[in-house]
Amino acid sequence: MAAFSAVKIPPPQFTTVRSSSQRPGSSPAHFAHSPSAFNSISFGSAKSVRSRPLFAVSSDVVSSDKTKPASSSASNPAVTREVALELYEDMVLGRAFEDMCAQMYYRGKMFGFVHLYNGQEAVSTGFIKLLNQSDKVVSTYRDHVHALSKGVPSREVMAELFGKATGCCRGQGGSMHMFSAAHNVLGGFAFIGEGIPVATGAAFSAKYHHEVLKQSKPEGLDVTLAFFGDGTCNNGQFFECLNMAQLWKLPIIFVVENNLWAIGMSHLRATSDPEIWKKGPAFGMPGVHVDGMDVLKVREVAQEAIARARRGEGPTLVECETYRFRGHSLADPDELRKPDEKAHYAARDPIIALKKYIIEHGLASESELKSIDKKIDDVVEDAVEFADSSPLPPRTQLLENVFADPKGFGIGPDGKYRCEDPLFTQGTAQV
Amino acid sequence: MAMALRKFGKDGISIWRRGFSTTAGLESSSSKDATPVNLFTAINQALHIALDSDPRSYVFGEDVSFGGVFRCTTGLAERFGRQRVFNTPLCEQGIAGFAIGLAALGNRAIAEIQFADYIFPAFDQLVNEAAKFRYRSGNEFNCGGLTIRSPYGAVGHGGHYHSQSPEAFFCHVPGLKVVIPRSPYQAKGLLLASIRDPNPVVFFEPKWLYRLAVEEVPDADYMLPLSQAEVIREGKDITLVGWGAQLSILEQACEDAEKEGISCELIDLRTLIPWDKETVEASVSKTGRLLVSHEAPVTGGFGAEISASIIERCFLRLEAPVARVCGLDTPFPLVYEPFYMPTKNKILDAIKSTVNY
């Protein structure tokens, strides 16, 4: 069986479907959804009129029109100039940062297992740029760009990757564990699926604060985004959380970054029904499929999903069809994916697509975009210099933060840190 | 990642900080039909033989069909077909339970957990189902055909979730066997023995040694006995016990101690449960001192069990307390790995302080 079948399929037909049990203006116990532009919701009820075959592969028909989101026309751009430039800058930051990571890795400045996000920037930018500071992001091991989009300074992320004390986790976490309390990034999980229940709990906390403790905000509930991949959608924790989130109507959005591959396992061969968005309706929440290589389409879907969550209407499952241009990690030779599949998605590079869109709609000139590129290059260079010149963490940090009270552990009976004990330091290896 | 294979010769100096441990030659067959291979190739050979010799054996796990992330399963899918060698989705709990079901109906299920750090979702199935299957069904059913293979241990840059050594958790479960090889020759024999053993076995492979360790391994089908420890090096002053990749560090410490006039006896436990108490007891009766070393954190690690059992058996013979040189009681760190690990110097210090007690 071929790993990737470039099947020509007709463009997806979506209709707005209302569940028969819905009452207008009803309490959150039933599906109350806005009749607006959310025309890509699909419910798995008998009324759906989908005619898509089973493979979740984008057809050429969709990809050729990639720069135009559904609701805009050629002369009427879907976003303002400011927003377009913000999106462009964020995606370029993600790309430039990851490319710099690869360089640094091969120069030995960075080590361990590093997983790069090249090609998937539209998903991160499309979603996270709509969030407030108090909204939460939970990610996987492919988390550098999620942290950057959420606002963690590139200096801190780069220093964390280098293992320095100035990193966002003080050098303890590394590439796969980006945490930031200030920016509400709840990690960074090396283990697939482990972040989803954590995100579900965070969403419950937000809802509790809003409804029970009455710490309301004018904009509504704090939203939690859980990012994860296609492989994770076969894991038990995913399904458990879909159930809990819908049961308790939590303000969470499950964002599936379906890049078709889990290291070397093709999604189509690992999943009985590869259309992940269908798993949402099975649990009673809307399931949406969106072209994850088009940042404007992602942003449109994200806007609606976030608005739903803020109103208290519950979770949404969004499947973003995207692709990673590099291997699974920097140690992955990436031999299994066919060149024509890679070329197909490389032609849909989200940054190039947005650039084309901006120029075609006259939102900015080429030179302005180039100056953004240059500015980002400077930012990334500065981040590397900062990380390089930062100090390594002190040895005492090894025993810190195992428990809350440092004196309860890690400090010997004489009151000194155990690692200051000469017997301990005598036996250590050179770094 | 360096693909160079390094031979650990008697006169060669290992450039890598860790080499690997050779056998004392007590059990090696003639080298006519043996080739020097590394650890993952030896395991690959064992799997080929296991699937060949039993038509109802299966290999499955994440990414195994293209060969696996460590190349242990190369060639199996092509040779035996995708009905017998197949990828599973990313669900460790499902993989373990599914393997138990296969084994319960008389098949040999060789499941791979991609990293030992990921074995914890499967822990429930292994502890609550696999270990108790024969017991609670009164021998109506058993899952003896179950073998779980998993790479474990530090690798230099693995960080929190690619370096853990969870063997102690499984050693606390009656009904399971835990086997850990130290070198390619041992790995092939022990893996074949584990697969054919009529009990569920968790087989941990030291991932650091996958490419690094090279040894002459016979091409034929051979098995090494389970629950038998091996004395790799004879000595008379102190007994050192370890398993897996840690033995190479212990061996380096032995060499250094030799220069200072301390003669060390080194034992590879090979099977952690049920472990060979007699061999260790005999050795400690001879030397009077014991040191156990493992990568897992010291508190509650398997060294504690060894220490307690030996003290029970050899109390009057012991000249010094049992020393444990193990990982620290912290989560496996990222940057601090060299400080966390039980390095050669730490072991040497402990040897000297035990001998001079």
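# Exercises on a predicted two-chain model

In α1(B), the buried residues are L39(B), F40(B), A42(B), I43(B), N44(B), Q45(B), A46(B), L47(B), H48(B), I49(B), A50(B) and L51(B). The model is predicted, and the exercises below start from this helix.

**Exercise 1.** Determine how helix α1 of chain B compares with its expected span, and how far it is enclosed.

Solution.
- Step 1. Helix α1 of chain B runs over residues 39–53 and has 15 residues.
- Step 2. From the first C-alpha to the last, the helix reaches 21 Å, close to the 21 Å expected at 1.5 Å a residue.
- Step 3. Of the 15 residues of α1(B), 12 are buried, so the helix is largely enclosed by the rest of the structure.

**Exercise 2.** Find where L212(B) lies relative to L39(B) in sequence and in space, and place both against the annotated domain of chain B.

Solution.
- Step 1. L212(B) belongs to helix α8 of chain B, residues 209–212.
- Step 2. With a relative accessible area of 12%, L212(B) is buried, because the cut-off is under 20%.
- Step 3. L39(B), in α1(B), is buried too.
- Step 4. In sequence the two leucines L212(B) and L39(B) are 173 residues apart, yet their C-alpha atoms are 7.7 Å apart in space.
- Step 5. An unreviewed UniProt entry annotates residues 37–212 of chain B as "domain: Transketolase-like pyrimidine-binding".
- Step 6. The end C-alpha atoms of residues 37–212 of chain B lie 10 Å apart, and this span is 40% helix and 18% strand.

**Exercise 3.** Describe the interface of chain B and chain A by contacts, buried area and salt bridges.

Solution.
- Step 1. On the chain B side 35 residues are in contact, and on the chain A side 42.
- Step 2. About 3,200 Å² is buried between the two chains, and carbon and sulfur atoms give 71% of that area.
- Step 3. L90(B), Y336(B) and F339(B) supply 23% of the area that chain B buries against chain A, more than any other three residues.
- Step 4. The rule finds one salt bridge across the interface of chain B and chain A.
- Step 5. In a salt bridge, the side chains of E335(A) and R71(B) meet at 4.0 Å, N to O.

**Exercise 4.** Classify the aromatic pair of F179(A) and F189(A), and state which parts of chain A the pair ties together.

Solution.
- Step 1. A search of the whole structure gives 29 aromatic pairs over all chains.
- Step 2. F179(A) and F189(A) form one of these pairs, at 6.4 Å centre to centre and with 55° between the planes. The pair is tilted, because stacked needs under 30 degrees and edge-to-face over 60.
- Step 3. F179(A) sits in strand β2 (residues 179–180) and F189(A) in the loop between β3 (185–186) and α6 (195–211) of chain A, so the pair ties together parts that are 10 residues apart in sequence.
- Step 4. F179(A) counts as partly exposed at 35% relative accessibility, whereas F189(A) is buried at 16%.
- Step 5. In chain B, Y336(B) and F339(B) form a tilted pair, with 6.4 Å between centres and 40° between planes. Both Y336(B) and F339(B) are buried.
- Step 6. One aromatic cluster is formed by F113(A), F191(A), F70(B), F115(B), Y118(B) and Y210(B).

**Exercise 5.** Characterise the fold of chain A overall, then the surroundings of L330(A) and S154(A).

Solution.
- Step 1. Chain A has 14 helices and nine strands. Of its 431 residues, 57% count as buried.
- Step 2. Among contacts in chain A between residues at least 6 apart in sequence, 75% join residues at least 24 apart.
- Step 3. L330(A) is in the loop between β9 (316–321) and α11 (339–346) of chain A, and counts as buried at 10% relative accessibility.
- Step 4. L330(A) and F111(A) are 219 residues apart along the chain, with 9.8 Å between their C-alpha atoms.
- Step 5. Beyond its neighbours within four places in sequence, L330(A) is in contact with residues including C101(A), Y105(A) and L116(A).
- Step 6. S154(A), in helix α5 (residues 154–162) of chain A, counts as buried at 9% relative accessibility.
- Step 7. With neighbours within four places in sequence left aside, S154(A) is in contact with L93(A), F97(A), L148(A), V379(A) and A383(A).
- Step 8. Residues 90–393 of chain A carry the UniProt annotation "domain: Dehydrogenase E1 component", from an unreviewed entry. Over these residues chain A is 46% helix and 12% strand, and the end C-alpha atoms are 30 Å apart.

Definitions and conventions:
Residues are numbered from 1 along each chain as its sequence is written. Chains are lettered from A and ligands numbered from 1 in the order in which they are written. This is a predicted model: local features need pLDDT of at least 70, side-chain atom pairs count only at pLDDT 80 or more; totals for chains, interfaces and linings use all residues. Side-chain values use heavy atoms; hydrogens and water are left out. Rings of Phe, Tyr and Trp (its six-membered ring) pair if their centres lie within 6.5 Å; planes under 30 degrees apart count as stacked, over 60 as edge-to-face and the rest as tilted. Helices (H or I, at least four residues) and strands (E, at least two) are DSSP runs, numbered from the N terminus. Buried means under 20% relative accessible area, exposed over 50%, partly exposed in between (1.4 Å probe, protein chains only). The expected span of a helix is 1.5 Å times one less than its number of residues. UniProt positions are given in the numbering used here, feature names are shortened, and annotations may be inferred rather than shown by experiment. Contact means heavy atoms within 4.5 Å. Buried area is the accessible area (1.4 Å probe) that two parts lose on being put together, summed over both.
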